[in-house]
Amino acid sequence: MAAVLAGGPTAALSHRDAAALWGIRRDSRPQIDVTVARRGRRPLEGITLHSVRELGKQDVGVIEHIPVTSLARTLLDLAEAVRPRELERAFEEAERLRILDLSAIEGLLARSLGRRGAKPLGRLVREYAGEPPPTRSEFERLFLDFCHAAGIPAPLVNALVKGYEVDALWPEQKVVVELDSREWHDNATAFETDRVRDAVLQLADYRVLRVTWRRLRREPQAVARMLRKALATR
């Protein structure tokens, strides 16, 4: 808040620090990113000022009373400040938190021709929009095939734990995997139910891991490492 106030009335937290405030990426840098809709601002100690011609109402929000760039604008700015893989992780975290608004991002990209970040962010949007929505049975079958190919013991599927049906369970290790897909979880009720179930299982000493269709398809080795580590440490 102090950094934003120092930037003046048109300032908003942005880039890496906006991503941290949105909860999609951690940032421990001592410098604070602030965007100001005004040219010629003098440098401020401890603050990285990004001057733009203007910040529209659709490009700014408020979180915890702090003016911050919209999630769409934050992702576009982030695309010019971090490596592609870091941008992808932030994008995926926004998806996981159910705060990703593709129409807002597409609208911003249409207004941002020539921005360096438009190309990598646009690629992520196209990949996301083009993701085939699998049926639950297809996803379960793919996951079981994945476990077999990776040498991971086969889990119980659709097992009942503490009154909740879980997608995959290793009962001895008390490890649960929930297979996430927008097709099944993309509404407020499902989001809340998922979080209540996770909390109940974690309090009962179950480790709950969430695996998306996109991640299983794109990063099978990383998912395999995560599962092996979880099963080995329980």
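The paragraphs below describe two pockets and one buried aspartate in a predicted model.

The largest pocket has a volume of about 800 Å³, and 30 residues line it, with Arg89, Glu92, Glu93, Arg96 and Arg215 lying nearest its centre. The elements that each give two or more residues to this lining are helix 4 (84-96), helix 9 (188-203), strand 9 (207-212), helix 10 (213-218) and helix 11 (220-232). Among these, helix 4 provides the largest share, 8 residues. Sorted by class, the lining of the largest pocket holds 19 charged residues, alongside 7 nonpolar and 4 polar ones.

The second largest pocket encloses about 430 Å³ of space, and of the 18 residues that line it, Val52, Glu54, Arg73, Arg111 and Arg115 are the closest to its centre. Helix 3 (residues 71-79) gives the most to the lining of this second pocket, with 3 residues. The classes represented in the lining of the second largest pocket are 9 charged, 6 polar and 3 nonpolar residues.

Turning from the pockets to a single side chain, aspartate 167 is found in strand 7 (residues 164-170). Aspartate 167 counts as buried because its relative accessibility is 5%, and the cut-off for that class is under 20%. A polar atom of the aspartate 167 side chain lies 2.8 Å from the backbone nitrogen of leucine 179. Once neighbours within four places in sequence are set aside, the residues in contact with aspartate 167 are Arg136, Leu156, Val157, Asn158, Val177, Glu178 and Leu179, so that Leu179, whose backbone nitrogen was named above, appears in this list as well.

Conventions
Residues are numbered from 1 along each chain as its sequence is written. This is a predicted model: local features need pLDDT of at least 70, side-chain atom pairs count only at pLDDT 80 or more; totals for chains, interfaces and linings use all residues. Side-chain values use heavy atoms; hydrogens and water are left out. On a 1 Å grid over the protein atoms alone, a cavity is a set of points where a 1.4 Å probe fits but cannot get out, and a pocket is an open set with protein on both sides within 12 Å along at least five of seven lines; lining residues have an atom within 4 Å of a point. Grid points are joined across faces, edges and corners, and a volume is the space filled by probe spheres set on the points. Helices (H or I, at least four residues) and strands (E, at least two) are DSSP runs, numbered from the N terminus. Ala, Val, Leu, Ile, Met, Phe, Trp, Tyr, Cys and Pro count as nonpolar, Asp, Glu, Lys and Arg as charged, and the others, Gly among them, as polar. Buried means under 20% relative accessible area, exposed over 50%, partly exposed in between (1.4 Å probe, protein chains only). A polar contact is a pair of N or O atoms within 3.5 Å; within protein, one must be able to donate a hydrogen and the other to accept it, and residues adjacent in sequence count only if both atoms are side-chain atoms. Contact means heavy atoms within 4.5 Å.
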